[in-house]
Amino acid sequence: MPQTETPGIEAAPRTRLRWWTELPLILLVYACYSAGRLLVRGDVTSAVDHGLTILRVEKFLHINAEHPLNRLFTSERWLGVPADFWYASLHYLVTPAVLIWLFRSRAVHYRLARTWLMTSTFIGLVGFTLLPTCPPRLLSAGYGFVDTMAQYSSYGWWGDEASAPRGLGGMTNQYAAMPSLHVGWALWCGVILWRYGGTRITKIAGVMYPLVTTIVVMGTANHYLLDAVAGGVVMGIGLLIAPHILRVGEPVMERLRVRVTAVAAGSRGATASIVSDGCQTSPGERIPRQRESRIPGGAEPSAAPADAGDGAPAPAR
């Protein structure tokens, strides 16, 4: 007996992911994140106070690792220059690359990983809003920090205001130091590579990338150690929340995808027919006036079976 599908029930529980629906979503989230950083620049005095408070707490706990690392990166060019390139570029390259790799190779895990990354990013934006923080490089010289990106700016595309290209430093929020999403995103990449990479190399990369990123953000005087710790905490909170957001949000996304698909299919179906004088005909069918125009003048139309297309019976023989 042939099997029939129940109307309204799909064979798969979820529609197939499409890059042209995922890419706008990713870009929208990143645009909101970038715009949010600019809108919540915060008061400079408060940002400096928050930075000094973090530094005092670290000194009290004897965990202010930024000082020795910054002195090392400042005195050793062969360390400082690569570190600046690492800080200024890799989070723009590695994070999207891991996301694309997961989308193409581990699609079953992609939705949760993507939701985890986006949720954590928005939590980080809340942190920038509530706690604008001056990074070590912007403190007065008396606190012993050197901005390595300003020191080695002749080696890269960045200027002395931030990791942004020269002349665009005013388009970034230099007081968005707490939490460090450089570290948070690197940790996300590390977990994904460790869990789904499947080879020893990817597992090593999964450990080394967040570890080196943490050292780099401190050595370049862009973040405190506690900023890096906060970045890890944000990712942990995002991981706990992401399944619940996915459970609520994914059905909405599915309905939107189905509706868009239905509209697109309907528009294709509408153009597949020929419409004339308000009467819709199937492709290739000739309307009566087309048949009559081909009959020579003065000739009577025959009742051949080929012309009995309007339901007229064939003549008896």
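This is a short talk about helix packing, aromatic pairs and a few backbone details in one predicted model.

Hi everyone, thanks for coming. Please keep in mind throughout that we are looking at a predicted model.

Let's begin with two helices, H7 and H8. H7 covers residues 181-196 and H8 covers residues 200-219. Their axes lie 7 Å apart, and the packing angle is about 170°. With angles over 145 degrees counted that way, H7 is therefore roughly antiparallel to H8. On the H7 side, the residues that meet H8 include His182, Val183, Ala186, Leu187 and Trp194. On the H8 side, the partners include Lys203, Tyr209, Pro210 and Val217. What is the make-up of this contact by class? There are eleven nonpolar residues, six polar ones and one charged residue.

Two residues from that contact deserve a second look, namely Trp194 and Lys203. Lysine 203 lies over the face of tryptophan 194, and the distance to the ring centre is 4.7 Å.

Now to the rings. A pair of aromatic rings is described by the distance of the centres and the angle of the planes. The count here comes to three aromatic pairs, and I'll show you two of them. Tryptophan 86 and tyrosine 209 have ring centres 5.9 Å apart with planes at 35°, so this pair is tilted. Where do the two partners sit along the chain? Tryptophan 86 belongs to helix H4 (residues 77-105) and tyrosine 209 to helix H8, so the pair links distant parts of the chain, with the two positions 123 residues apart. The partners also fall into separate accessibility classes: tryptophan 86 is partly exposed at 25% relative accessible area, whereas tyrosine 209 is buried at 10%.

The other pair I picked is phenylalanine 103 with tyrosine 110. Here the geometry is edge-to-face, with 5.2 Å from centre to centre and 80° between the planes. Is tyrosine 110 buried or exposed? Its relative accessibility is 2%, so tyrosine 110 counts as buried.

Next, the backbone. If you check omega values, go to methionine 178 and proline 179, which are joined by a cis peptide bond with omega about 0°. Proline 179 sits in the loop between helix H6 (148-151) and H7.

Which residues other than glycine have a positive phi? Histidine 62 is one of them, with phi near 60°, and alanine 221 is another, at about 65°. Histidine 62 is in the loop between helix H2 (44-61) and helix H3 (66-75), and at 70% relative accessibility it counts as exposed. Alanine 221 is in the loop between H8 and helix H9 (225-270), where its relative accessible area of 0% makes it buried.

Alanine 221 also brings us to my last stop, valine 146, as the two are in contact. Valine 146 is found in the loop between helix H5 (107-130) and H6. Its relative accessible area is 33%, so valine 146 is partly exposed. Beyond its neighbours within four places in sequence, valine 146 touches Asn70, Thr74, Gln151, Thr220 and Ala221. And if you like C-alpha distances, here is one: valine 146 and histidine 67 are 79 residues apart in sequence and 9.4 Å apart in space.

That's my tour, and I'm happy to rotate the structure for anyone who wants another look.

Notes: Residues are numbered from 1 along each chain as its sequence is written. This is a predicted model: local features need pLDDT of at least 70, side-chain atom pairs count only at pLDDT 80 or more; totals for chains, interfaces and linings use all residues. Side-chain values use heavy atoms; hydrogens and water are left out. Axes are lines fitted to C-alpha atoms, for helices over the stretch in contact, and angles run from 0 to 180 degrees between N-to-C directions. Helices (H or I, at least four residues) and strands (E, at least two) are DSSP runs, numbered from the N terminus. Angles under 35 degrees count as roughly parallel, over 145 as roughly antiparallel, 65 to 115 as roughly perpendicular and the rest as oblique. Contact means heavy atoms within 4.5 Å. Ala, Val, Leu, Ile, Met, Phe, Trp, Tyr, Cys and Pro count as nonpolar, Asp, Glu, Lys and Arg as charged, and the others, Gly among them, as polar. Rings of Phe, Tyr and Trp (its six-membered ring) pair if their centres lie within 6.5 Å; planes under 30 degrees apart count as stacked, over 60 as edge-to-face and the rest as tilted. Buried means under 20% relative accessible area, exposed over 50%, partly exposed in between (1.4 Å probe, protein chains only). A charge sits over a ring if NZ of Lys or CZ of Arg is within 6 Å of the ring centre and within 35 degrees of the ring normal.
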